[in-house]
Amino acid sequence: MKKEKISFEYEVFDSIHDLSEENKVLVSKANHISKSAYAPYSKFHVGAAVELEDGQVFVSSNQENASYPVGTCAERGLLAYVNANFPNIKVKKLAVSTININVPLPPCGMCRQYILEIEKKQNDNIALFLSGNEGQVIKVDAAKDLLPLNFTEDFLD
Ligand code: THU
């Protein structure tokens, strides 16, 4: 038996104001669109904003359903739209935010797997910006950092 260790580095900014102008705008768009969430059940409002390599920016929010599992997370709904409409344009950045809490919002496990799929498909990292309504912002360089020992197409024939 041997032990292995996986670690990764990420950046923590004290506030949105410490980000570059471009990243500040993206994070603030994610936070703003969280107000459009359809979240009558959890009342947890999540927003997501993506920036594509050609500079286009798109936003979306979580959309819940009376049949709970039918609901979709903000980032997954948004990436599905972007992947359908711009399959050949790389996603460079994804910001996820909420008005509900004042700490950086970590994407759920299902969304991590979904973002990873896009990373694998485009063969390029997606920088993640995680934020709450105020306070710290976390920047992670790639979705794969958030999902070690991941399952990908590599295992399928
Ligand atoms: N939610 C997201 O939209 N993204 C995440 O990564 C975390 C969770 C949503 C799903 C549900 O509508 C609500 O937040 C509470 O779980």
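Reader: What makes up the area that the protein exposes?

Author: This is a predicted model. The protein exposes about 9,100 Å², and carbon and sulfur atoms supply 52% of it.

Reader: Why is the protein said to agree with a compact globule?

Author: The rule is 2.2 Å times the number of residues to the power 0.38. With 157 residues, that gives a radius of gyration near 15 Å; the protein has 16 Å, so the two agree. Its C-alpha trace spans about 45 × 40 × 35 Å along the principal axes.

Reader: What makes a residue count as buried, and how many are?

Author: The cut-off is under 20% relative accessible area. Buried residues make up 39% of the 157.

Reader: Why is a set of residues called a nonpolar core?

Author: Its members are buried residues of the nonpolar kinds, joined through side-chain atoms within 4.5 Å. The largest such core has 23 residues, with Val50, Val91, Leu94 and Leu128 having the most contacts inside it. Elements that each supply at least two of its residues include β2 (46-52), β4 (91-98) and α3 (109-122). A second, separate core has 10 residues, among them Leu26 and Val137.

Reader: What does Leu128 touch?

Author: Leaving out residues up to four places away in sequence, Leu128 touches Leu94, Ile115, Ile138, Lys139, Val140, Ala143 and Leu146.

Reader: What makes the ligand's pairing with Glu64 a polar contact?

Author: The limit for a pair of N or O atoms is 3.5 Å. A polar side-chain atom of Glu64 lies 2.5 Å from a ligand oxygen, so the pair qualifies. The side chain of Asn62 has an N or O atom 2.9 Å from a ligand oxygen. The protein buries 77% of the 380 Å² that the ligand exposes when taken alone.

Terms used:
Residues are numbered from 1 along each chain as its sequence is written. This is a predicted model: local features need pLDDT of at least 70, side-chain atom pairs count only at pLDDT 80 or more; totals for chains, interfaces and linings use all residues. Side-chain values use heavy atoms; hydrogens and water are left out. Buried means under 20% relative accessible area, exposed over 50%, partly exposed in between (1.4 Å probe, protein chains only). Helices (H or I, at least four residues) and strands (E, at least two) are DSSP runs, numbered from the N terminus. Contact means heavy atoms within 4.5 Å. A polar contact is a pair of N or O atoms within 3.5 Å; within protein, one must be able to donate a hydrogen and the other to accept it, and residues adjacent in sequence count only if both atoms are side-chain atoms. Accessible areas come from the Shrake-Rupley method with a 1.4 Å probe; for residues, only the protein chains shown count as cover.
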